[in-house]
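Reader: I've got a model open and want to talk through its contacts before I set anything up. Can you walk me through it?

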Amino acid sequence: MMATDPVCGMTVDPAKAAGSADYRGKKYFFCSKHCVSRFRADPEKYAAGSNPEPARAAEYTCPMHPEIVQIGPGSCPKCGMALVPMEGGVEDDSELRDLTRRLWVSAVLSAPLLFVAMAPMLGFAAQFKYSRHVELLLATPVVWWGGWPFFRKFWLSLKNRSPNMYTLIGLGVGLAYVYSVVAVAAPGLFPPELRMHGGEVGTYFEAAAIIVTLVSVGEVMQLRAMGQTSHAIRQLLALAPAMSLRIENGVEKEIPLSEVRVGDRLRVRPGEKIPVDGSVVEGSSNVDES
C-alpha cells in the first residue's frame with residue numbers, strides 16, 4: 001500500500017522510502033531526507049496538514065461551450081455532449097457504462113431485425129405473414145430504450161432552442177418509428193401513392209434501429225477517448241509538486257504551489273521537482289526533461 005509524504009504530498013512506496021518518522025502513534029514515510037528533516041523540525045504542522053480536506057462538489061463543463069458549468073456530470077444543454085470534470089473533479093464513467101450496455105442490447109436486437117427486413121432483397125424467402133410485427137417487437141426496445149439518451153438530448157435541444165445533431169437524430173428516428181407503427185397498425189390510412197408494388201405500406205423499423213445502434217457506437221468511442229485524454233492530463237498534473245521553497249529576505253519558506261507569484265525567487269534542491277516555469281538566477285544542476 002502506498003503512503004503520502006506529509007511534507008511535499010508525493011506518493012511514496014514505504015519499502016523504498018528515504019526515511020520514516022513516528023508521531024502520535026502514526027508512522028509517516030518520506031520521499032527524501034530533506035522532507036524527513038522538515039517534518040522532525042515541526043511535526044505538528046505537517047501531521048495536521050496530512051489530513052485530507054473534505055471533498056467538494058465537483059464542477060463539470062462542456063468542452064465545446066466552456067460557459068456551461070454545473071455541479072456533477074451531465075449533458076451540455078447546447079450541443080448535447082457529455083460534460084467533463086473541471087480542475088479538482090473526478091472522472092465519472094457512469095454515462096459510458098450506461099451507453100455501452102445500451103449499445104450491446106441494441107446491436108443484439110438490430111442484427112436479426114436487419115436480416116428480417118432485408119431478407120427478400122438478399123435473395124432469401126419472401127417475408128412471412130407476421131414479419132412486420134416481428135420487426136415492431138425487435139425495434140421497439142432499441143428505439144425507446146437504446147435511443148432514450150438521444151431523445152432526451154433531442155428534447156433539450158428543442159427546449160433550449162439550440163438545434164444540434166441530436167435534433168436530427170431524434171426527428172429521423174422518431175418519425176421513422178412512428179410512421180412504421182402506423183403502417184402496421186392502420187395501413188388503410190395510407191393512399192395508394194405511398195404503397196409498394198404489392199399494395200403494402202413500407203416500414204422503416206430497421207432504419208430507426210440501425211441509426212440508434214450506429215450513433216451509440218460513436219457515443220461510446222467519444223466517451224472512451226475523452227476519458228483517456230482526461231486521465232492523461234490528470235497524470236501530467238500529478239507530476240507537479242504540492243509545495244515550493246520561496247526565498248524571502250534570505251530566508252527559505254515552504255509554501256503551497258498555489259501561493260507562488262510572478263517575481264518570486266524559489267530554491268530547487270537536488271533531486272526535487274521544478275515547481276513552475278522560470279529562469280535560473282543562481283546555481284547549477286542537472287535536470288531530467290524526459
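**Helix 5 and its surroundings**

Author: Sure, and keep in mind that this is a predicted model. Let's start with helix 5, where the buried residues are P149, F150, F151, K153, F154 and S157.

Reader: How buried is K153, in relative accessibility?

Author: Buried here means under 20% relative accessible area. K153 falls under that cut-off, so it counts as buried, with a relative accessibility of 3%.

Reader: Which residue does the side chain of K153 meet in a salt bridge, and which helix is that partner in?

Author: The K153 side chain meets that of E95 in a salt bridge, at 3.6 Å from N to O. K153 sits in helix 5 (residues 148-159) and E95 in helix 3 (residues 94-118), so the pair ties together parts 58 residues apart in sequence. The partner is therefore E95, in helix 3.

Reader: Which residue joins E95 and K153 in a network of salt bridges?

Author: Salt bridges link E95 and K153 into a network with one further residue. That residue is E219.

Reader: What end-to-end distance should helix 5 span, and what does the model give?

Author: Helix 5 has twelve residues, and at 1.5 Å a residue the expected span is 16 Å. The C-alpha atoms at its ends agree with that, being 16 Å apart.

Reader: Which residue just after helix 5 takes a positive phi?

Author: Look just past the end of helix 5 for a phi of about 50°. The residue is R161.

**Other salt bridges**

Reader: How many salt bridges are there in the whole structure?

Author: The search covers the whole structure, and K153 with E95 is one of its salt bridges. The total is ten.

Reader: How far apart in helix 3 are D98 and R101, in helical turns?

Author: D98 and R101 form a salt bridge, with their closest N and O atoms 3.0 Å apart. In general, an α-helix has 3.6 residues a turn, so residues three or four places apart point the same way. D98 and R101 are three residues apart in helix 3, so their separation is about one helical turn.

Reader: Is E282 buried or exposed?

Author: E282 forms a salt bridge with R265, the closest N and O atoms being 3.5 Å apart. The pair links distant parts of the chain, 17 residues apart: E282 is in the segment after strand 10, and R265 in the loop between strand 9 and strand 10. R265 is partly exposed at 43% relative accessible area. E282 has 67% relative accessibility, so it counts as exposed.

**Sheet and surface**

Reader: What is the strand order in the open sheet of three strands?

Author: The edge strands are strand 9 (251-256) and strand 10 (266-267), each pairing on one side only. Strand 8 (residues 243-248) pairs with strand 9 in the antiparallel sense over six bridges, and E248 stands opposite V251 in strand 9. The order is 9-8-10.

Reader: Which residues form the nonpolar patch on the surface?

Author: Together they have about 260 Å² of accessible area. One of them, L189, lies in the loop between helix 6 (165-185) and helix 7 (205-238), and L189 counts as exposed at 66% relative accessibility. The patch is made of V178, V182 and L189.

Reader: What separates the C-alpha atoms of M118 and E206?

Author: M118 is in helix 3 and is partly exposed, with a relative accessible area of 26%. M118 and E206 are 88 residues apart along the chain, and their C-alpha atoms are separated by 8.8 Å.

Methods. Residues are numbered from 1 along each chain as its sequence is written. This is a predicted model: local features need pLDDT of at least 70, side-chain atom pairs count only at pLDDT 80 or more; totals for chains, interfaces and linings use all residues. Side-chain values use heavy atoms; hydrogens and water are left out. Two strands pair if DSSP finds at least two bridges between them. Helices (H or I, at least four residues) and strands (E, at least two) are DSSP runs, numbered from the N terminus. A salt bridge is a side-chain nitrogen of Lys or Arg within 4 Å of a carboxyl oxygen of Asp or Glu. Buried means under 20% relative accessible area, exposed over 50%, partly exposed in between (1.4 Å probe, protein chains only). The expected span of a helix is 1.5 Å times one less than its number of residues. Patches are made of residues with over 30% relative accessible area and no salt bridge: like charges are joined within 9 Å, nonpolar side chains (Val, Leu, Ile, Met, Phe, Trp, Tyr) within 5 Å. Accessible areas come from the Shrake-Rupley method with a 1.4 Å probe; for residues, only the protein chains shown count as cover.
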